[in-house]
Amino acid sequence: LYALRSFGCEGGTNMLIPALEWAMDPNDDDDLSDHLDVVNLSLGSEYGTPDDPDSEAVDRAVAAGVIVVAAAGNEGDGYFITSSPGVADGAISVASVGDSGNLIYTLNVNSPPDLGSTNVQPAAFGPPIAGNELTGDLVRANPARGCTPFSNVSEMAGKIALVDRGDCYFTVKVKNAQLAGAVAALIANNEDGGLRMIGYDASITIPSASLTRADGSSLKDRLPNPGVNVTIVKDAFADVISDFSSRGPRRGDLALKPDLAAPGTEITSIAAGPGDGSADMGGTSMATPHVAGAAALLRGLHPQWPPRWIKAALMNTARPEVFTRTNLTPPVVGPGRMGAGRLDAARAARTPLLAFADDGTQRVSLSFGLVDVLGHAEVERPVRVVNTGSTDAVLTLAVTPIADLQGAELVLPDGGTLLVPAASERTFAARLVL
């Protein structure tokens with residue numbers, strides 16, 4: 001594992017090309033066989049072009065066998081703004097989406113009506129709320145801090161436990177609430193400020209969240225009489241496109257970029273410097289290392305695969321359902337923002353079949369380039385399918401649009417099936433009709 005410093009303490013850099021040259025030939029002996037396997041580039045400049053010197057350097061590194069993963073950029077939903085060198089043919093350009101751990105809970109007090117609503121912080125352990133909301137009556141834990149088994153089990157069954165912070169781990173409090181029959185637990189802070197509940201216990205099966213001290217006091221003042229009924233509303237940002245993630249395609253020939261997406265919103269990482277501190281950050285610079293890590297795992301599984309095959313495995317198996325709203329709510333976004341979809345490393349590790357544009361470049365996505373749309377036009381491009389497995393594969397070919405093609409149609413003139421024998425390659429045509 002190498003860290004190549006290409007930036008100073010501030011500003012830009014002109015040291016990316018020397019860094020890539022080092023990655024291609026670490027001992028400077030003109031023998032590239034000892035090149036690095038994977039390079040992560042959490043960097044770039046907007047409105048990228050394929051003839052940018054950094055982009056060309058990336059393509060040369062990929063031609064030498066280096067898998068290069070690069071950030072798409074954080075300039076938002078503007079056409080052509082995706083970054084160099086991620087726009088290079090050989091680069092795997094990464095957009096950003098929310099992770100399944102990106103949750104926002106809102107606590108709405110149904111009765112008494114004067115308490116209103118507040119935000120609560122989901123715990124970093126246990127499951128999230130099933131569905132989009134959970135409604136129930138609040139019951140105070142007895143003992144209040146919930147560090148020992150609850151004595152009011154009969155009152156707690158089917159209710160939401162309100163527990164005080166202090167004396168023991170959060171996981172202990174939530175587990176005791178679960179054992180008492182509670183369907184969820186709220187932990188009230190005992191000091192000012194927010195409260196982040198961390199821990200690990202795989203046996204916890206109920207959701208939990210934290211309250212501020214002030215909100216906890218307001219709720220406790222109404223218990224047990226007249227009683228409090230609440231609804232916890234969940235907004236889950238899993239597979240929601242990050243608003244900062246840069247849109248493609250790339251300038252010049254309009255080739256599709258970015259290539260795929262990975263979690264990049266509110267990612268927790270280690271902080272630079274001594275100690276055990278962490279930092280929560282968002283950006284395609286946080287999404288890119290997820291893909292670099294997945295590429296490294298695939299390189300370990302398939303050490304003889306060229307970079308394009310690794311890239312194809314990641315893109316072919318990505319999940320295309322990336323949304324604009326929380327809770328997996330349509331509409332979905334098109335490939336111009338998320339490429340092939342959200343990374344699924346497990347699926348990529350299992351696939352024996354690889355498909356990519358047979359266009360002589362290091363790209364995987366199929367691009368028809370600049371097409372004259374005045375009148376009727378038909379443009380055809382070949383797609384190559386590689387079967388790396390030990391058994392023949394009969395494929396069903398179909399077109400499933402993610403975005404509205406608006407007057408264009410993609411057809412498959414070679415028919416709806418393709419036989420690819422074991423350890424063999426075949427091609428089929430894709431035709432764009434305007």
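Two strands pair if DSSP finds at least two bridges between them. Helices (H or I, at least four residues) and strands (E, at least two) are DSSP runs, numbered from the N terminus. By this rule E8 and E9 pair, since four bridges join them, and they run parallel.

The model is predicted: local features need pLDDT of at least 70, side-chain atom pairs count only at pLDDT 80 or more, and totals for chains, interfaces and linings use all residues. Residues are numbered from 1 along each chain as its sequence is written, and side-chain values use heavy atoms, with hydrogens and water left out.

**Exercise 1. Describe strand E9 (208–211): its partners and its side chains.**

Step 1. Find the partners. Strand E8 (184–188) is joined to E9 by four bridges in the parallel sense. Here Ala185 stands opposite Ser208. Strand E5 (residues 117–122) is joined to E9 by two bridges, and this pair runs antiparallel. On that side Pro122 stands opposite Ala209.

Step 2. Sort the side chains. In a regular strand the side chains alternate between the two faces of the sheet. Ser208 and Ser210 point one way from E9, and Ala209 and Leu211 point the other way.

Step 3. Check the burial. Buried means under 20% relative accessible area, exposed over 50%, and partly exposed in between (1.4 Å probe, protein chains only). Ser208, Ala209, Ser210 and Leu211 are all buried.

**Exercise 2. State how far helix H4 (residues 170–179) is covered, and by which strands.**

Step 1. Count the buried residues. Seven of the 10 residues of H4 are buried, which makes the helix mostly covered.

Step 2. Name them. They are Phe170, Thr171, Lys173, Val174, Asn176, Ala177 and Gln178.

Step 3. Find what they pack against. Contact means heavy atoms within 4.5 Å. The buried residues of H4 pack against strand E7 (160–164), strand E8 and strand E9.

Step 4. Look just past the helix. Gly181, just after H4, takes a positive phi of about 100 degrees.

**Exercise 3. Two open sheets have four strands each; give the order, pairing and edges of both.**

Step 1. Take the parallel sheet. Its order is E1-E2-E3-E11. E1 and strand E11 (260–263) stand at the edges with a single partner strand each, so one side of each has no neighbour in the sheet. From one strand to the next the twist averages 35 degrees. (Axes are lines fitted to C-alpha atoms, for helices over the stretch in contact, and angles run from 0 to 180 degrees between N-to-C directions.)

Step 2. Look inside this sheet. Strand E2 (residues 67–71) and strand E3 (residues 92–97) are joined by three bridges. Val69 stands opposite Ile92 in E3.

Step 3. Take the antiparallel sheet. Its order is E16-E17-E21-E19. The edges are E16 and strand E19 (409–411); each has a single partner strand, so one side of each is left without a neighbour in the sheet. The twist here averages 25 degrees from one strand to the next.

Step 4. Add the helix. Helix H7 (residues 307–316) packs on this sheet and touches E16, E17 and E21; its direction makes about 100 degrees with that of E16.

Step 5. Look at one edge pair. E19 and strand E21 (residues 424–433) are joined by three bridges. The bridge partner of Val411 in E21 is Arg431.

**Exercise 4. Place the loop residues Ser365 and Thr388, and decide whether each is buried or partly exposed.**

Step 1. Take Ser365. This residue lies in the loop between strand E16 (353–357) and strand E17 (378–387). Because its relative accessibility is 9%, Ser365 counts as buried. Not counting residues up to four places away in sequence, Ser365 touches Leu256, Met315 and Ala357.

Step 2. Take Thr388. This residue lies in the loop between E17 and strand E18 (393–396). Its relative accessible area is 32%, so Thr388 is partly exposed. Leaving aside neighbours within four places in sequence, Thr388 is in contact with Trp305, Trp309, Pro352 and Leu354.

**Exercise 5. Describe the hairpin of E14 and E15.**

Step 1. Establish the pairing. Strand E14 (residues 323–325) and strand E15 (residues 329–332) pair in the antiparallel sense over two bridges. Arg325 stands opposite Thr329 in E15.

Step 2. Examine the turn. Three residues lie between the strands, and Asn327 takes a positive phi near 60 degrees.
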